[in-house]
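Here is a brief report on one protein model. It starts with the overall architecture and then turns to selected residues.

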Amino acid sequence: MLKLFNKKFLTLAVLMASSVTGYISCDLPALAESEACEYWEVTATSINVRDNNSTRAKIIATLPKGAVIQLHGWSQDGKWADISTQQYQGWVFADYLKCYGK
């Protein structure tokens with residue numbers, strides 16, 4: 001049996017045969033939405049822009065809901081977006097973004 005689990009930037013296939021279970025993940029940057037969308041919108045009430053892709057990294061700005069940012073790439077695990085605005089460049093948590101204009 002094969003089950004697919006979809007996260008925002010990760011598709012995980014779980015293959016179950018007899019008593020063996022295996023996991024396969026896709027290449028994160030290959031996902032269509034992330035490649036097709038250069039600008040993204042903040043969906044949370046506000047979002048912290050950090051100087052690195054970690055919750056322990058220094059907060060350099062806070063963006064409000066609806067702010068539009070330019071995407072430059074994703075962290076290896078797909079959880080963080082490398083972004084910029086007219087004033088800031090840094091990292092934000094990707095769960096609080098959606099493709100702008102879709």
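The protein has one helix and ten strands. This is a predicted model. Read from the N terminus, the order of elements is β-β-β-α-β-β-β-β-β-β-β. The chain counts 102 residues, and 32% of them are buried. Take the contacts with a separation of 6 or more: 41% of these join residues 24 or more positions apart. The exposed area comes to about 6,700 Å². Carbon and sulfur atoms supply 50% of that area.

**The disulfide**

How many disulfides does a search of the whole structure find? It finds one. The partners are C37 and C99, with their sulfur atoms 2.1 Å apart. C37 sits in the loop between helix 1 (32-36) and strand 4 (39-42), while C99 belongs to strand 10 (residues 97-99), so the pair ties together parts that are 62 residues apart in sequence. The S-S torsion of C37 and C99 is about 105°, so this disulfide is right-handed. Both C37 and C99 are buried.

**Two buried strand residues**

I69 and V49 are each described by place, accessibility and a C-alpha distance. The values are set out here.

| Residue | Element | Relative accessible area | C-alpha distance |
|---|---|---|---|
| I69 | strand 7 (residues 68-74) | 1% | 5.6 Å to Y39 |
| V49 | strand 5 (residues 46-50) | 0% | 5.8 Å to I59 |

I69 counts as buried because its relative accessible area, 1%, is under 20%. I69 and Y39 are 30 residues apart in sequence, yet their C-alpha atoms are 5.6 Å apart. Which residues does I69 touch, not counting those up to four places away in sequence? They are E38, Y39, W40, L63, I83, S84, T85 and L97.

V49 is buried too, at 0% relative accessibility. V49 and I59 are ten residues apart along the chain, and 5.8 Å separates their C-alpha atoms. With residues up to four places away in sequence left out, V49 touches K58, I59, I60, A61, L63, I83, Q89, G90, W91 and V92. L63 and I83 are among the residues touched by I69, and V49 touches L63 and I83 as well.

**A buried charge**

D82 lies in strand 8 (residues 80-84). Is D82 buried or exposed? D82 is buried, yet has no salt bridge. The nearest side chain of opposite charge is that of R50, 13 Å away. A salt bridge needs the charged atoms within 4 Å. What is D82 in contact with, leaving aside its neighbours within four places in sequence? The list is Q70, L71, H72, G73, Q89, G90 and W91. Q70, L71, H72 and G73 fall within the range of strand 7 (residues 68-74). Q89, G90 and W91 also touch V49.

**A nonpolar patch**

Y39, V68 and Y100 make a nonpolar surface patch of about 290 Å². Y100 is found in the segment after strand 10. Its relative accessibility is 46%, so Y100 counts as partly exposed. Y39, another member of the patch, is also one of the residues that I69 touches. The patch member Y100 comes after strand 10, the strand that holds C99 of the disulfide.

Key
Residues are numbered from 1 along each chain as its sequence is written. This is a predicted model: local features need pLDDT of at least 70, side-chain atom pairs count only at pLDDT 80 or more; totals for chains, interfaces and linings use all residues. Side-chain values use heavy atoms; hydrogens and water are left out. A disulfide is a pair of cysteine sulfur atoms within 2.5 Å. Helices (H or I, at least four residues) and strands (E, at least two) are DSSP runs, numbered from the N terminus. Buried means under 20% relative accessible area, exposed over 50%, partly exposed in between (1.4 Å probe, protein chains only). Patches are made of residues with over 30% relative accessible area and no salt bridge: like charges are joined within 9 Å, nonpolar side chains (Val, Leu, Ile, Met, Phe, Trp, Tyr) within 5 Å. Accessible areas come from the Shrake-Rupley method with a 1.4 Å probe; for residues, only the protein chains shown count as cover. Lys and Arg count as positive and Asp and Glu as negative; His and the chain ends are not counted. Contact means heavy atoms within 4.5 Å.
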